[in-house]
Amino acid sequence: MTEIAAQEREPARVPERLLPDRSRPSGTAASRVSSPALPRWVLIPALLGALMVLLPLVAMAARVRWRDFWGLITSSSSLDALQLSLQTSATTALLCLVLGVPMALLLARADFPGLAVVRSIVLIPLVLPPVVGGIALLYTFGRQGLIGRHLEVMGIQIAFSTTAVVLAQTFVALPFLVLSLEGALRTAGTRYEVVAASLGARPSRVLLRVTLPLVLPSLLSGTVLCFARALGEFGATITFAGSLQGTTRTLPLEIYLQRESDPEAAVALSFVLMVVAIAVIAVARRRAPA
């Protein structure tokens with residue numbers, strides 16, 4: 001009887017072949033170590049897609065007249081366009097931060113009727129042709145626009161000004177920040193925010209000390225992408241802001257005009273814009289969360 005009681009108190013032993021292998025990583029780490037094999041045929045369309053993007057860039061770089069490159073990109077109109085593009089793109093990125101962060105927070109954390117409709121409205125600039133966006137802005141902030149007519153009475157004119165450039169760039173770039181940040185907020189969850197609130201932190205303190213630091217990599221990445229999108233904006237800008245040297249003629253507009261009068265300068269400026277875009281994308285990639 002004593003032996004039977006001892007056996008009942010002793011925990012049952014599981015055969016070693018049924019025990020998990022402690023030497024192997026589990027969960028996410030295992031998926032990182034051994035990814036499932038891809039079918040070989042995937043390589044062919046992937047290479048074709050890469051060539052479709054790479055070959056036009058290589059062809060453009062091959063057409064640059066390198067011995068005259070510096071003179072082509074340092075003309076007064078080219079420098080004015082580059083300076084204006086950098087200034088307006090930086091302002092646009094800042095404006096996207098101010099407007100986009102609250103929008104992303106509402107879409108990720110709030111729950112109200114019509115949320116899906118609001119999200120769809122935010123994404124409209126992604127699918128609209130930029131020219132259509134420029135026309136919409138013109139009929140909103142133009143001299144006879146929905147809001148512009150009232151601003152005109154106060155002596156404020158937005159259309160065909162540097163402010164119009166910033167508004168056009170913000171219109172097309174804002175969804176990039178909202179989408180990037182909303183996804184990061186949903187992935188991060190709310191557990192840390194709940195803990196901070198339960199310890200007595202006010203909502204503003206929770207936002208600044210908990211929420212935003214958690215999604216800071218995505219916030220920085222989205223801001224850089226907004227800058228890059230604003231830097232390359234053309235359609236909405238020329239429709240809503242026009243092309244006035246030193247005022248509204250950004251680098252893409254300068255390239256378009258130089259294409260008719262000086263193709264060599266247009267190619268050189270296109271190469272400069274391409275290099276800046278690659279640098280911006282590289283920075284965004286490094287800032288993106290793993």
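Buried means under 20% relative accessible area, exposed means over 50%, and partly exposed lies in between. The model in these views is predicted.

**View 1. Cysteine 96 and cysteine 226, two buried residues.** Cysteine 96 has 0% relative accessibility, so this residue counts as buried. Cysteine 226 is buried as well, with a relative accessible area of 0%. Which cysteine sulfur is closest to that of cysteine 96? The sulfur of cysteine 226 is, at 3.9 Å. Seen from the other side, the closest cysteine sulfur to cysteine 226 is that of cysteine 96. Why is no bond drawn between the two? A disulfide needs sulfur atoms within 2.5 Å. The 3.9 Å between these sulfurs is therefore too far for a bond. By this rule, the disulfide count is 0.

**View 2. A nonpolar patch on the surface.** Five names make up this patch: Val117, Ile121, Ile124, Leu128 and Val132. Together they form about 390 Å² of nonpolar surface. Which helix gives the largest share of the patch? Helix 6, residues 115–127, does, with 3 residues. Valine 132 sits in helix 7, which covers residues 130–141. The relative accessible area of valine 132 is 38%, so this residue is partly exposed.

**View 3. Threonine 211 and the residues it touches.** Threonine 211 belongs to helix 11, residues 203–214. Is threonine 211 buried or exposed? Its relative accessibility is 5%, so threonine 211 counts as buried. The side chain of threonine 211 makes a polar contact with the side chain of glutamate 193, at 2.9 Å. Leaving out residues up to four places away in sequence, threonine 211 touches Leu105, Leu185, Glu193 and Val206. Glu193 thus appears twice in this view: in the polar contact and in the list of touching residues.

**View 4. Phenylalanine 160, a loop residue with a positive phi.** Where does phenylalanine 160 lie? Look in the loop between helix 8 (148–153) and helix 9 (162–188). The phi of phenylalanine 160 is positive, about 60°, although this residue is not a glycine. Most residues other than glycine have a negative phi. Phenylalanine 160 has 43% relative accessibility, so this residue counts as partly exposed.

Terms used:
Residues are numbered from 1 along each chain as its sequence is written. This is a predicted model: local features need pLDDT of at least 70, side-chain atom pairs count only at pLDDT 80 or more; totals for chains, interfaces and linings use all residues. Side-chain values use heavy atoms; hydrogens and water are left out. Buried means under 20% relative accessible area, exposed over 50%, partly exposed in between (1.4 Å probe, protein chains only). Patches are made of residues with over 30% relative accessible area and no salt bridge: like charges are joined within 9 Å, nonpolar side chains (Val, Leu, Ile, Met, Phe, Trp, Tyr) within 5 Å. Accessible areas come from the Shrake-Rupley method with a 1.4 Å probe; for residues, only the protein chains shown count as cover. A salt bridge is a side-chain nitrogen of Lys or Arg within 4 Å of a carboxyl oxygen of Asp or Glu. Helices (H or I, at least four residues) and strands (E, at least two) are DSSP runs, numbered from the N terminus. A polar contact is a pair of N or O atoms within 3.5 Å; within protein, one must be able to donate a hydrogen and the other to accept it, and residues adjacent in sequence count only if both atoms are side-chain atoms. Contact means heavy atoms within 4.5 Å.
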